[in-house]
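User: I am new to this structure and would like to learn how to read it. Could you walk me through it, feature by feature?

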Amino acid sequence: MRFYDAHNHLHDERLKPIRADVLQECARAGVCCAVVNGSSEKDWDDVCTLATRHRWVLPSFGYHPWYVHEASATWKDSLQRYLDAVPAGLGEIGLDRWKGGLDPVLQEDFFLAQLEIAAERNLPVSIHCLKAWGRLLELLSTHRLPQCGFLLHSYGGSAELIPELARLGAYFSCPGFFLGESKRAKLETFRCVPTERLLIETDAPDQCLPPALDRFGLRDQLARRINHPALLPSVYEGVAQFMGVSLLDLATSVAKNFERLFGKVLGK
């Protein structure tokens, strides 16, 4: 069975001590493609290096809303160079009204500038959104979007927004973190996601799975719990059980959705 991780940060320094083991376990577990998202100029080169070394890594470059205040004067030119260097998506970009001390105007400026690049190039764009769903919908409804669509990673908006977001081209990605009891309400929202719009992610190294779903002991090599892409099959299993579908049926539909959204980057 083949598994697709729609969003993670495999290049993150927190994974460095176990990265070699994670890469081997990913191959054994059937992880055939993983979107690795850069968050700022500081990590784009690391993401690019991973993609050139591992064919199953699909790179994505963007400025996360937490870091836009750190951008250089030439950030946009740098982003364009990375997008020219390798087949890639754009992201992680977005809006965040949860984390304190962030400039909402600067966030929107960066978000719209990057959204325009994605539309010009018709690249899949991975979007982060926390407590800004109404504003995000306004911006998506009034600006040009990539024809291939866009990913709402770890979708945390309401069920009521799903039809309109889907009409605009959204795919909705469910992380393993939502399988925990404390996130049951967010998981329930995914019952309203059309089958043809559902994707699965780990968001590694953040958003750990509930301990009962960690089928591998790799994270125990660290002093603290950590998430990693080799846990992706466990996420699929948990989502399939929650949805009341077979693992095979879920994996088949997610594979089609992933290839539809990221097809240009995959060369399909």
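**Reading the pockets, rings and loops**

Analyst: Let us begin with a pocket. The second largest pocket has 16 lining residues, and those nearest its centre are Cys33, Arg55, Val57, Val265 and Leu266. Strand S2 (31-37), strand S3 (57-61) and helix H9 (247-266) each give two or more residues to this lining. Please keep in mind that this is a predicted model.

User: How much space lies in the second largest pocket, and how does its lining divide by class?

Analyst: The space in the second largest pocket is about 230 Å³. Its lining has 12 nonpolar and 4 charged residues, with no polar ones.

User: And what does the largest pocket look like by the same kind of reading: how much space, and which residues lie nearest its centre?

Analyst: The largest pocket holds about 840 Å³ of space. Its lining counts 32 residues, with His64, Trp66, His128, Asp203 and Asp206 nearest the centre. Helix H2 (41-53) and strand S5 (125-130) are the elements that give two or more residues to that lining. By class, the lining has 9 nonpolar, 10 polar and 13 charged residues.

User: Asp203 caught my eye. Where is Asp203 found, and is it buried or exposed?

Analyst: Asp203 is found in the loop between S8 and H8. Asp203 counts as buried because its relative accessible area is 8%, under the 20% limit. Its backbone deserves a look too: phi of Asp203 is near 55°, a positive value in a residue other than glycine. Gln207 lies in the loop between S8 and H8 as well, and has a positive phi of about 55° although it is not a glycine.

User: Which peptide bond is cis?

Analyst: The bond from Ala204 to Pro205 is cis, with omega near 5°. Pro205 is found in the loop between strand S8 (198-201) and H8.

User: Now the aromatic rings. What describes a pair of them?

Analyst: Two values do: the distance of the centres and the angle of the planes. In this structure the count comes to 15 aromatic pairs. Trp133 and Tyr155 make one of them, at 4.9 Å centre to centre with 70° between the planes. This pair is edge-to-face because its angle is over 60 degrees. The two rings come from distant parts of the chain, 22 residues apart: Trp133 is in helix H5 (residues 133-142), while Tyr155 is in the loop between strand S6 (150-152) and helix H6 (162-168). Trp133 is buried at 12% relative accessibility, and Tyr155 is buried at 0%.

User: Which residues form an aromatic cluster, and where does a charged side chain lie over a ring?

Analyst: One cluster is made by Trp44, Phe61, Tyr63, Trp75, Tyr82 and Phe110. As for charges, Lys99 lies over the face of Trp66, 4.7 Å from the ring centre, and Arg191 lies over the face of Phe242, 3.9 Å from the ring centre.

User: Let us finish with the whole chain. How many helices and strands are there, and how does the radius of gyration compare with that of a compact globule?

Analyst: The chain has 9 helices and 8 strands. For 268 residues, a compact globule would have a radius of gyration near 18 Å, and the 17 Å of this chain agrees with that. The C-alpha atoms fill a box of roughly 45 × 40 × 40 Å along the principal axes. Buried residues make up 59% of the 268 residues.

Key. Residues are numbered from 1 along each chain as its sequence is written. This is a predicted model: local features need pLDDT of at least 70, side-chain atom pairs count only at pLDDT 80 or more; totals for chains, interfaces and linings use all residues. Side-chain values use heavy atoms; hydrogens and water are left out. Rings of Phe, Tyr and Trp (its six-membered ring) pair if their centres lie within 6.5 Å; planes under 30 degrees apart count as stacked, over 60 as edge-to-face and the rest as tilted. Helices (H or I, at least four residues) and strands (E, at least two) are DSSP runs, numbered from the N terminus. Buried means under 20% relative accessible area, exposed over 50%, partly exposed in between (1.4 Å probe, protein chains only). A charge sits over a ring if NZ of Lys or CZ of Arg is within 6 Å of the ring centre and within 35 degrees of the ring normal. On a 1 Å grid over the protein atoms alone, a cavity is a set of points where a 1.4 Å probe fits but cannot get out, and a pocket is an open set with protein on both sides within 12 Å along at least five of seven lines; lining residues have an atom within 4 Å of a point. Grid points are joined across faces, edges and corners, and a volume is the space filled by probe spheres set on the points. Ala, Val, Leu, Ile, Met, Phe, Trp, Tyr, Cys and Pro count as nonpolar, Asp, Glu, Lys and Arg as charged, and the others, Gly among them, as polar. The radius of gyration is taken over C-alpha atoms; the globule rule is 2.2 Å times the number of residues to the power 0.38.
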